[in-house]
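Hi,

Here is the model I promised to pass on. Have a look at it first, and then read my notes below.

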Amino acid sequence: MAQMKLDANLFIDGQWVEGKAGSQPNIDPGTGEPVGVVTLADNGQIQAALNAARRSFPAWSELTGQSRGAVLKKASSLLIDRMHELADGLLLESGKTRADAIGELRRTIETLAWNGEEASRICGRVHQGVVAGSTRLSVPTALGVVVAITPWNFPALLIGRKLGAALAAGCTVVLKASEFTPYTARAIVQTLVDAGVPDGVINLIFGNPGAVSSQLMASSLVKAVSFTGSTSVGKQLAALAAPNLIRPIFELGGHAPVIAWKDVDVENVVQVTAPAKFGSAGQSCVAPTRYIAHHSVHDALVDALVTKAKTYKLGHGSEDSTTLGPVAHGGRVASFLRLIEDAVAKGAVINIGGKKLDRPGFYVEPTVLSSVSRDAEILAEEPFGPVATVQSAEDIDEAIELANGAEYSLAAYVFTDSIHVRDALVHRLNASNIGVNQTAPSLPDVALGGLGNSGYGYEGGTEGVLAYMHLRLISQTHG
């Protein structure tokens, strides 16, 4: 695996081509050393990708859903055969552990397969007419060219989620993937091509995110944009999409609270939430971040989190003993340390961790903070790292106030055996994805979308495919 060359070029109109706007290294977060090179698109190549997607749209959209679905299901099957090779590349360029890389690829395989099945299930509805002898038809129709913009934290899954739904709907795609994980994007695209996606239906570009997004959103060819990333960037994209009325499908930031009530087994709370908290080094928008404990179990929860944090073995994903990898890049380290420093300056206690490891790569210790002041930046800003804060609540009202204190409205978790407490919390939590006595992963068969600053639109389920379609109303009278 050490000899893997994780290079990536552009894919435009069925051809792999070198980007004309320069290149940048593909860095292994576990060592800080380059493992490949990604080339970047210039303005002409971005336009060529848009043109290719537009040219290929009529033929792709006119295929039957069964035909499009067969391609997606074949791609899913090919990924099974290629999973371990792709996992090697994914862990090298993302910093994931092998278990996390394999787990992500399995979810990608499931996502493509499910959308392959759903492609043949999408159907319209027949409504009664308003006059005798008439009917009204609601007919789903593919929108056209879609721009998909994906981040580095789940590069395989999020590409699979966006491409799977858009292709199932009959749309063609210009994929702007992250320059931090270009090999994974290249591998997923090549798998879809090998499965039979025609030339021009998928186009892959890399480049300066701001400049590329501005050009893509300025194009009248684009009918929808799907983006997963930060709230601040999502707002910028929404402003760019508005002049052309490009349909936005955004999953944005999260800062998930975990409410642990007085009747819980705190050891169970930690065991259930730890994989989501520390998996992929905490770099997930649905990761539990803010633990809110009833005052009677607060200290026990802190102790349980500390005990769990001590069990993680930091290291490179290629090492079998590693259970927690590095964060993605130096910027994430700087942000992590800044938030810890601010919290401590405002009275927080570091129960464990809080430091960068003195070794090559971008490693930060799993961290637990208690006695965190309400004005600490870490309670308002998504930490996106292996850190958990613990706050104490006297009653349900205070727990809700703390949980809803961040600007995000994506995931939240509730642990209690009381039906009354459960119903009160679930009803009042400002979140769109709530797990009760469990975590709540987003799976391909059910729609999920953010609220407020966490986005809008849906991914997953029938609604996730319909997001790339327009429901045409056809009213007709039988002559």
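A quick definition before the cavities: on a 1 Å grid over the protein atoms alone, a cavity is a set of points where a 1.4 Å probe fits but cannot get out, and its lining residues have an atom within 4 Å of a point. Bear in mind that this is a predicted model, so local features need pLDDT of at least 70 and side-chain atom pairs count only at pLDDT 80 or more, while totals for chains, interfaces and linings use all residues. Residues are numbered from 1 along each chain as its sequence is written, and side-chain values use heavy atoms, with hydrogens and water left out.

On to the cavities. There are five of 30 Å³ or more, and the largest has a volume of about 140 Å³ (the space filled by probe spheres set on the points, which are joined across faces, edges and corners). The lining of that largest cavity is made up of 19 residues, and Arg161, Leu443, Pro444, Glu459 and Gly460 are the ones nearest its centre. By type, the lining has eight nonpolar residues (Ala, Val, Leu, Ile, Met, Phe, Trp, Tyr, Cys and Pro), five charged (Asp, Glu, Lys and Arg) and six polar (the others, Gly among them). Three helices, α3 (98–118), α4 (155–169) and α14 (461–466), supply at least two lining residues each, with α3 giving the largest share, five. Helices here are DSSP runs of H or I with at least four residues, strands are runs of E with at least two, and both are numbered from the N terminus.

Next, a sheet worth opening up. It is an open one of three strands in the order β5-β6-β22, paired antiparallel (two strands pair if DSSP finds at least two bridges between them). β5 (125–128) and β22 (469–477) are the edge strands; each has a single partner, so one side of each lacks a neighbour in the sheet. Between β5 and β6 (residues 134–142) there are four bridges, and one of the pairings puts arginine 125 opposite serine 138 in β6.

Finally, the cysteines. How many disulfides are there, taking a pair of cysteine sulfur atoms within 2.5 Å as the rule? The count is zero. For cysteine 123, the nearest cysteine sulfur belongs to cysteine 171, 17 Å away. Cysteine 123 is exposed at 59% relative accessibility, whereas cysteine 171 is buried at 0% (under 20% relative accessible area is buried, over 50% exposed and in between partly exposed, with a 1.4 Å probe and protein chains only).

Cheers

Notes: A disulfide is a pair of cysteine sulfur atoms within 2.5 Å. On a 1 Å grid over the protein atoms alone, a cavity is a set of points where a 1.4 Å probe fits but cannot get out, and a pocket is an open set with protein on both sides within 12 Å along at least five of seven lines; lining residues have an atom within 4 Å of a point.
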